[in-house]
Amino acid sequence: MEPPENLPGTPADADADAHVSRAAMDANTAVLLVGAGVTVITHPLLYVKLLIQVGHEPLPPTVGTTLFGRKVLYLPGFFSYAHHIVKVDGKRGLFRGLSPRIMSSTISTVVRSKVRQVEVRSKTDEPQTSLRKVVKETSHEMVIQCLSRVATHPFHVMSIRCMAQFVGREDKYGGMFSCIIKIFKEEGIAGFYIGLIPHMLGEVLFLWCCNLLAHFINTYAIDESFGQASAVRSYTKCVMGIAVSVLTYPFILVADLMAVNNCGLAAGLPPRTPIFKSWLHCWNHLSAEGHLLRGSSFFFRRVPVTSLPPIQD
């Protein structure tokens, strides 16, 4: 017979469950805080990126040379652009649109955590081939990514519009709650999900390409006899992510431009940009202009050939 203190339902058992619950809550809180911190630190990068995406170039290009000694015109990089924002709006100006992004990060973390808890409970030990396992895990990740995107996209739209106001010096979108009211009054629920389809397509395409390419390279390209095979495999997905991001970046660019287009801000109206009928219209326009990768780089940004003036010696 078990001693009373080890029987289920005793105070000792309840204390153990409470301790586990507190530990899980502390871990979730830590994840939320770290996510919020990363969001704050990276926000100036995304702010500058958004302004480049909408085609706002307030600073003149400078003459530089390539590795082969050829003279070219370079647009300002991140630090020059950020310095310009600070000159215009002060240091706080670098964090325009931050509140919706923090809310988006928090909701994304919560959604992912809840979905993963459901997956753990329903997980079975059915035998799987390696490829089947990758497909199943990627399918689960895709569900999590799509649910997270649907839940957070309204805050992404709000953040994008707050940042885009720098172009025309507007103050149409203020705090987060005023953004919600303004968008709902003018565009209804659909206004919160402008650009959702290309954004989701880009993320799903990135996920599948990255995971499948990493699997095939790890399985067929890396020989087991190679001494560092396990170490190389651990970096494969990261390297694939960098490569695939170039392929999927146009989807993200189109989604961000659609979030600003025809919303009453100078950044999304003629003559700066046409009014797009759909995200495919936006894609075709950018493709014709050769701008599908606009904003993908912060440094060594060359002036597009179509707008390149003659360079004086």
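User: What makes Leu 131, Val 135, Phe 216 and Tyr 220 a nonpolar surface patch?

Analyst: Patch residues have over 30% relative accessible area (Shrake-Rupley method, 1.4 Å probe, only the protein chains shown count as cover) and no salt bridge (a side-chain nitrogen of Lys or Arg within 4 Å of a carboxyl oxygen of Asp or Glu), and nonpolar side chains (Val, Leu, Ile, Met, Phe, Trp, Tyr) are joined within 5 Å, like charges within 9 Å. In this predicted model, where local features need pLDDT of at least 70, side-chain atom pairs count only at pLDDT 80 or more, and totals for chains, interfaces and linings use all residues, these four make a patch of about 390 Å². Residues are numbered from 1 along each chain as its sequence is written, and side-chain values use heavy atoms, leaving out hydrogens and water.

User: Why is Leu 131 called partly exposed?

Analyst: Buried means under 20% relative accessible area, exposed over 50%, and partly exposed in between; Leu 131 has 36%, so it counts as partly exposed.

User: Why is the pair of Tyr 47 and Phe 166 called edge-to-face?

Analyst: Rings of Phe, Tyr and Trp (its six-membered ring) pair if their centres lie within 6.5 Å, and planes under 30 degrees apart count as stacked, over 60 as edge-to-face and the rest as tilted. Here the centres are 6.3 Å apart and the planes make 85°, so by this rule the pair is edge-to-face.

User: How do you know that Phe 78 is buried?

Analyst: Its relative accessibility is 11%, so Phe 78 counts as buried.

Methods
Buried means under 20% relative accessible area, exposed over 50%, partly exposed in between (1.4 Å probe, protein chains only).
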